Every structure is written in structure tokens, then in C-alpha cells.
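Me: I have a protein model open and would like to go through it piece by piece. Can you keep the answers plain?

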Amino acid sequence: MLIKPVKDFKKYEGLFNKLMHGLTASIFHADECECRIDLSATRGVGIRIENLIKSYNEVQVLKGINLEILPGETFAIIGPSGTGKSLLLKHIVKLETPDSGEIYIDGHPVFQSSGNNQKKNDYRFSMVFQSSALFNSLTVGENVGLWLREKRVCKEQKIREIIREKLSMVGLEGKEGMKVSELSGGMKKRVAIARSLAMNPDLILYDEPTAELDPVTSDELANTILSLKQTTRNTTVIVTHDLNFALYVSDRIAMINDGQIVEVGSPVQIKASQNPVVKRFIYTTTKGIKGE
Ligand SMILES: Nc1ncnc2c1ncn2[C@@H]1O[C@H](COP(=O)(O)OP(=O)(O)OP(=O)(O)O)[C@@H](O)[C@H]1O
Ligand SMILES: [Mg+2]
């Protein structure tokens with residue numbers, strides 16, 4: 001079924017407003033030039049998660065998550081399916097509310113409202129969803145430039161330049177005119193990544209970025225994430241069960257199992273962990289050919 005752009009947009013407007021609430025605050029006080037905000041100025045924001053608990057139908061899914069992610073870190077959260085990884089990301093971007101506990105981003109509580117003392121978030125953040133969440137009725141280029149246009153962040157010519165640049169970063173140069181329905185799963189994921197990169201976020205969250213990518217494209221994405229770290233100072237949080245990807249791109253890794261963090265450390269520390277849950281996860285994802 002073809003959905004009209006405006007209808008499609010309305011459907012997701014609330015969600016995107018939530019994800020973009022950090023952007024609007026900083027648009028209006030910058031000088032009028034090619035862009036109304038300085039997209040090259042990114043900064044890492046720290047995240048502190050304190051005793052986060054969430055249940056559905058009396059089943060506790062997040063069982064008291066405690067985690068600290070430092071400003072500018074590339075941090076991976078690994079773990080088996082159904083353990084609460086996506087749910088944790090959704091709490092960080094405020095798409096879910098915990099039963100108890102708190103998340104502090106850039107030092108400010110995400111959930112607790114502290115009346116007059118509440119400081120407006122002024123960081124830009126974006127999330128690449130496990131499902132990509134693209135607008136089917138828009139072209140690739142329109143998806144990538146959606147928020148730059150919607151918020152009138154830059155002049156049109158600059159927006160086109162940014163779209164070109166971000167698509168080329170994910171290996172999709174020249175694909176602006178393609179429709180979402182013409183893309184493979186992996187291409188959709190890469191468009192979703194380009195869309196997130198378009199605003200040069202201070203905090204970018206990826207949910208299973210390599211799930212539909214072939215090994216070569218996964219490797220290219222890993223290198224894109226690493227090279228982004230040389231040009232920006234953003235904080236990157238990656239939820240994945242792709243252990244090799246996590247080991248390759250991350251400064252630190254946390255393993256979540258059954259709604260709890262069971263290990264945190266550098267890739268070297270995670271690989272050497274004696275925690276039986278971590279050992280088993282590593283063994284099952286790297287065991288190689290039967291009988292060897
Ligand atoms: N809105 C919801 N309502 C009810 N249950 C939910 C909801 N969101 C998540 N859950 C449950 O929470 C658990 C964790 O889900 P989550 O999506 O975080 O898993 P995951 O670790 O990301 O798994 P995967 O690796 O398969 O993506 C699942 O059992 C899921 O059914
Ligand atoms: Mg998930």
C-alpha cells in the first residue's frame with residue numbers, strides 16, 4: 001500500500017520529535033549562513049544508568065541495570081536475543097519509561113522532572129533502529145535529508161551536499177533517487193545510518209547495525225564508525241550480537257544477560273573474561289567448523 005508522504009510523516013512525527021528534541025533547542029541562536037547550526041561541532045555526552053528496572057505483564061525484563069558510558073566512547077552492548085538490549089536503548093532515547101531507576105545523559109536526568117531546575121537538553125542525538133524505520137513513500141535522499149529540511153537546518157544546496165556525503169559514507173553514493181521499496185534489507189539499514197549521521201549527532205545509538213549486512217559491508221560499516229571517531233567526538237552506543245563487530249569498533253563492551261549487566265570491560269578484557277556467561281557467548285559465536 002502506498003502511503004502519502006504527509007500521512008507517513010504524521011504517523012512517525014511524535015517519535016521523531018522525541019528523537020530530535022535535542023536539535024531544535026540549538027537551531028535558532030546561530031548566525032544565518034549555510035547552516036543554522038554548526039554541524040561540524042560535535043561533543044561526546046556521558047550516559048549513566050542507575051538501577052533501571054522495567055517489567056511487562058509482571059515479568060521483569062530489565063532487572064536493575066547499572067552502567068556508565070563515558071563522553072566520546074564507542075560502547076557496545078552485547079548479549080543473546082531477548083535479554084533487553086533494544087529495550088535498554090529505547091530507555092536511553094526516552095521511547096520507554098522505566099518502572100524505577102534513572103538515566104543521566106550529559107549529567108541530566110532523562111525521566112525525573114525536577115521542575116524549574118530542569119535544564120533543556122542541548123545535545124543532538126539519533127538512533128538507528130533495528131527495523132531501519134524508513135519512510136517508504138520517500139526516496140533515499142528524502143529520507144536522509146528529512147530532518148535537515150523539516151527543521152530548516154541548512155540551505156537546500158548544503159542539504160543536498162550533506163545527503164551526498166552521508167550516502168557515500170555508507171557506500172550508497174548516487175542512490176538519492178531510489179525508492180525505499182527498491183532497496184535490500186542491508187541497503188535500508190545503510191540509509192537509516194546515513195539519515196542518523198546527517199545531523200552529526202553528539203550521541204548516536206545503533207540497534208543491531210550489522211543484522212542485515214553481508215560481512216564485507218559490515219566491515220565497511222565498522223571502518224566508517226571508526227573513521228567518524230577521527231572527525232567527530234560523539235558518543236556511540238551499539239547494541240549487537242555481532243561479537244566480532246563489537247570487539248573491532250568498541251572502546252568498551254558490556255554484556256547483558258537476562259536483564260542484567262554481567263560484565264564490562266575493554267575488548268581485550270571481554271575476550272579474556274572468566275565469567276561463564278561471557279565465555280559461553282564468545283565460544284558459541286566463534287567456535288568455527290565442527291570437528292576442528
Ligand atoms: N513493549 C513491550 N511489551 C511487552 N514486552 C516487551 C516490550 N518490549 C520488549 N519486551 C520484551 O522484553 C524482552 C527483551 O526485548 P528486547 O527487544 O530488548 O530484546 P533484545 O535483547 O533486543 O533481543 P534481540 O537480540 O532479539 O533484538 C523480550 O522478551 C520482549 O518480548
Ligand atoms: Mg533487539
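Me: To start, how many helices and strands does the protein chain have?
Reply: The protein chain has 10 helices and 10 strands. Keep in mind that this is a predicted model.

Me: And what share of the residues is buried?
Reply: Of the 292 residues in the protein chain, 39% are buried.

Me: What about contacts, how much is between residues 24 or more positions apart?
Reply: Taking the contacts with a separation of 6 or more, 70% join residues that are 24 or more positions apart.

Me: OK, sheets. What is the strand order in the open sheet of 6 strands?
Reply: The order is β6-β7-β8-β3-β9-β10, and the pairing is mixed.

Me: Which strands stand at the edges there, and why do they count as edges?
Reply: They are β6 (125-128) and β10 (260-265). Each has a single partner strand, so one side of each has no neighbour in the sheet.

Me: How much twist is there from one strand to the next?
Reply: The twist averages 15°.

Me: Back to β6. In which sense does it pair with β7, parallel or antiparallel?
Reply: Parallel, over 4 bridges, with β7 covering residues 203-207. One of the bridge pairs is M127 with L205 in β7.

Me: Which helix lies across those two strands?
Reply: Helix α6, residues 185-197, lies across β6 and β7. Its direction is at about 180° to that of β6.

Me: And what does helix α10 touch?
Reply: Helix α10 (residues 276-286) packs on the sheet and touches β9 (252-257) and β10. The angle between the directions of α10 and β9 is about 100°.

Me: Now the open sheet of 4 strands. What order do they come in?
Reply: They run in the order β2-β1-β4-β5, with antiparallel pairing. At the edges are β2 (59-69) and β5 (108-109), each of which pairs on one side only.

Me: Which helix packs on that sheet?
Reply: Helix α3, residues 85-92, which touches β1, β2 and β4. The direction of α3 makes about 60° with that of β2.

Me: I clicked on I49. Where does it lie?
Reply: I49 lies in strand β1, which covers residues 47-56. β1 pairs with strand β4 (residues 100-105) in the antiparallel sense over 5 bridges, and I49 stands opposite I103 in β4.

Me: Is I49 buried or exposed, and why?
Reply: I49 is buried, because 23 other C-beta atoms lie within 10 Å. The cut-off for buried is 20 or more.

Me: What is I49 in contact with, leaving aside neighbours within four places in sequence?
Reply: I49 is in contact with I65, N66, L67 and I103. As for I105, the two residues are 56 apart in sequence, and their C-alpha atoms are 8.7 Å apart in space.

Me: Different topic: how many residues does the largest nonpolar core have?
Reply: That core has 69 residues, and A194, A198 and L205 have the most contacts inside it. The largest share of the core comes from α6, with 6 residues. In general, nonpolar side chains tend to be buried together in soluble globular proteins.

Me: What does A198 touch, not counting residues up to four places away?
Reply: A198 touches V144, G145, W147, L148, I162, I163 and K166.

Me: Several of those seem to come up again in α4 and α5. How do those two helices pack?
Reply: Helix α4 (residues 140-150) and helix α5 (residues 156-169) pack at an angle of about 130°, with axes 9 Å apart. They are therefore oblique to each other, and the crossing is right-handed.

Me: Which residues meet there?
Reply: From α4 there are G141, V144, G145, L148 and R149, and from α5 there are I159, I162, I163, K166 and L167.

Me: Last one, odd backbone angles. What is the phi of E58, and what is that of S132?
Reply: E58 has a positive phi of about 65°, and S132 has a positive phi of about 75°. E58 is not a glycine, nor is S132.

Me: Where does each one lie, E58 and S132?
Reply: E58 is in the loop between β1 and β2, while S132 is in the loop between β6 and α4. E58 is exposed, because 5 other C-beta atoms lie within 10 Å. S132 counts as buried, because it has 22 C-beta neighbours inside 10 Å.

Note on methods
Residues numbered from 1 in each chain as written. Chains lettered and ligands numbered in written order. Predicted model: local features only at pLDDT ≥ 70, side-chain atom pairs only at ≥ 80, totals over all residues. Buried ≥ 20, exposed ≤ 12 C-beta atoms within 10 Å, placed from the backbone. Contact = placed C-beta atoms within 7 Å. Pairing = 2+ DSSP bridges. Axes fitted to C-alpha atoms, helices over the stretch in contact; angles between N-to-C directions. Core = buried A, V, L, I, M, F, W, Y, C linked by C-beta atoms within 7 Å. Parallel < 35°, antiparallel > 145°, perpendicular 65-115°, else oblique. Left-handed = near helix turned anticlockwise from the far one by under 90°.
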